[in-house]
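User: I would like to work through the architecture of this protein chain in careful steps, from its sheets to its helix contacts and cores. Could you take my questions in turn and give the reasoning behind each reply?

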Amino acid sequence: MTPERIIVLGAGAIGCAMAAAFVEGGGRVVLVARGAAYDAISRDGVDVRTPAGGRRVPVEVVASVREATPTADDLVALAVMGQHTAEAMAEVSPGVPVASFQNGLEPLDVLTRRGHPVIACMVWVPAERRAPGEVALVGVPYPGAVLMGPWGAPSERLDALAHAVVPALVQGGFRAEVEPDIAPWIRAKLLVNLGGLAIALSDAPPEELVTAAEDEARAVFDAAGEAYIPADVFQSRIGPLRAEPVDGRARVGGSTRSALARGEPLESATLHGSIVSRGARLGVATPVNAGWIRAAERAVREKLAPGSLDAETVRAWVNAGA
């Protein structure tokens, strides 16, 4: 079941990378972009930069999802930050299937509550938005890995859609596969993401607080009877992937560190918040994850530069109010 169009919603690093790959894979792609990103992409296409060089990929671009008018015959590839999910999807009919190229559990919960058929995508792609319409893919020997599969109950329709779009990602150089039991992989990626804020705040973060946040999350998953992939199995499937400079520049860091560097809102509250809210329902204490949320809010409020805190200060921020 090939979608009529793939409508990529979000023109950041992942959105631009996926849009370019889908175009190169031969599908009809529409990228929803705003402001300077719309101007740059409509004029020059998506500028994909890699350690081996660069290329420009022409992509059909529109300024709003209303202009794209998604239907049930399309697939929306959602690539906005998790906290923007509801706003981004407000004008999309619940009958439209969605592939979430996002971090964490909360975006999937939002999409499910809206009634969308959902494909969950575990995205391990070290990418960086360097300018409007420009993405640096720093991964070597391939730009990254994507696993995707139906979220929730098994669905022949969603399984067919996933099998239809994976070849485009493979043709674009990604390691991409359909994973029918995707939920444990999404939870495993969230465990990794729980360390993102620590790396954003400090170049020498307090590892014990990262481990404690992960342990709280595992306790929540265990209490709910929800499986997650062990770290060694997760890494072995993602494969050996190293970051190399692109155009002579090293990567700033992961999505949280990059957002902090740009002075943008962080998705930390969405990532850690899903653990806190689930823990509250299940009677599992999650004080460290709650502390990381407070630290993220303070970092944005104080316009903190990435890596500018020492470990003791991070400890104080996370433990404040506990």
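Analyst: What follows is a set of questions and answers on the sheets, helix contacts and nonpolar cores of this model, which is a predicted one.

User: In the open sheet of eight strands, which are the edge strands?

Analyst: The eight strands of this open sheet are arranged in the order S5-S2-S1-S6-S7-S8-S12-S13, and their pairing is mixed. An edge strand here is one that pairs on one side only, and from one strand to the next the twist averages 20°. The edge strands are S5 (60–62) and S13 (175–178).

User: Within that sheet, what is the bridge partner of Val8 in S6?

Analyst: Strand S1, residues 6–9, pairs with strand S6, residues 75–78, in the parallel sense, and four bridges make up this pairing. In S6, the bridge partner of Val8 is Ala77.

User: What angle does the direction of H1 make with that of S2, where H1 packs on the sheet?

Analyst: Helix H1 packs on the sheet through contacts with S1, S2 (29–32), S6 and S8 (118–124). Taking the direction of H1 against that of S2, the angle is about 165°.

User: Which strands stand at the edges of the open sheet formed by four strands?

Analyst: The order in this open sheet is S4-S3-S10-S9, with mixed pairing, and the twist from one strand to the next averages 25°. Two of the strands each have a single partner strand, so one side of each is left without a neighbour in the sheet. Those at the edges are S4 and S9 (127–131).

User: How many residues lie between S3 and S4 in their hairpin?

Analyst: Strand S3 (residues 46–50) and strand S4 (residues 53–57) run antiparallel and are joined by five bridges. Along this pairing Arg49 stands opposite Gly54, while Thr50 stands opposite Gly53. The number of residues between S3 and S4 in the hairpin is two.

User: On the S10 side of S3, what is the bridge partner of Asp47?

Analyst: Asp47 lies in strand S3, and S3 is joined by three bridges to strand S10 (residues 134–137), with the two strands running parallel. In S10, the bridge partner of Asp47 is Glu134.

User: Is Asp47 buried or exposed?

Analyst: Strand S3 is mostly covered, with four of its five residues buried. Leaving aside neighbours within four places in sequence, Asp47 is in contact with Arg55, Arg56, Gly133, Glu134 and Val135. Its relative accessible area is 8%, and a residue counts as buried under 20%. On that basis, Asp47 is buried.

User: Are H13 and H14 roughly parallel or roughly perpendicular to each other?

Analyst: Residues of H13 that take part in the contact include Trp292 and Arg298, and those of H14 include Trp317 and Asn319; the residues of this contact divide into seven nonpolar, two polar and two charged. The axes of H13 (residues 287–301) and H14 (residues 311–319) come within 7 Å and cross at roughly 110°. Angles of 65 to 115 degrees count as roughly perpendicular. H13 and H14 are therefore roughly perpendicular.

User: How many charged residues take part in the contact of H7 with H10?

Analyst: Helix H7 (residues 183–193) and helix H10 (residues 231–238) pack with their axes 10 Å apart, at an angle of about 100°, and are therefore roughly perpendicular to each other. Trp185, Ala188, Lys189 and Val192 in H7 meet Val233, Phe234 and Arg237 in H10. Five residues of this contact are nonpolar and no residue is polar, while the number of charged residues is two.

User: Which helix gives the largest share of the largest nonpolar core?

Analyst: The largest nonpolar core has 46 residues, and those with the most contacts inside it are Phe22, Phe101 and Met148. Leaving aside neighbours within four places in sequence, the contacts of Phe101 include Ile14, Met18, Phe22 and Met148. The largest share of the core is nine residues, and it comes from H1 (residues 13–24).

User: How many residues are in the other core, which has Val65 among them?

Analyst: In soluble globular proteins, nonpolar side chains tend to be buried together. Apart from the largest core lies another, with Val65, Ile186, Ala188 and Ala217 among its residues. The number of residues in this other core is 42.

How values were computed
Residues numbered from 1 in each chain as written. Predicted model: local features only at pLDDT ≥ 70, side-chain atom pairs only at ≥ 80, totals over all residues. Heavy atoms only, no water. Buried < 20%, exposed > 50% of the residue type's maximum accessible area, 1.4 Å probe, protein only. Pairing = 2+ DSSP bridges. Axes fitted to C-alpha atoms, helices over the stretch in contact; angles between N-to-C directions. Parallel < 35°, antiparallel > 145°, perpendicular 65-115°, else oblique. Contact = heavy atoms within 4.5 Å. Nonpolar A, V, L, I, M, F, W, Y, C, P; charged D, E, K, R; others polar. Core = buried A, V, L, I, M, F, W, Y, C linked by side-chain atoms within 4.5 Å.
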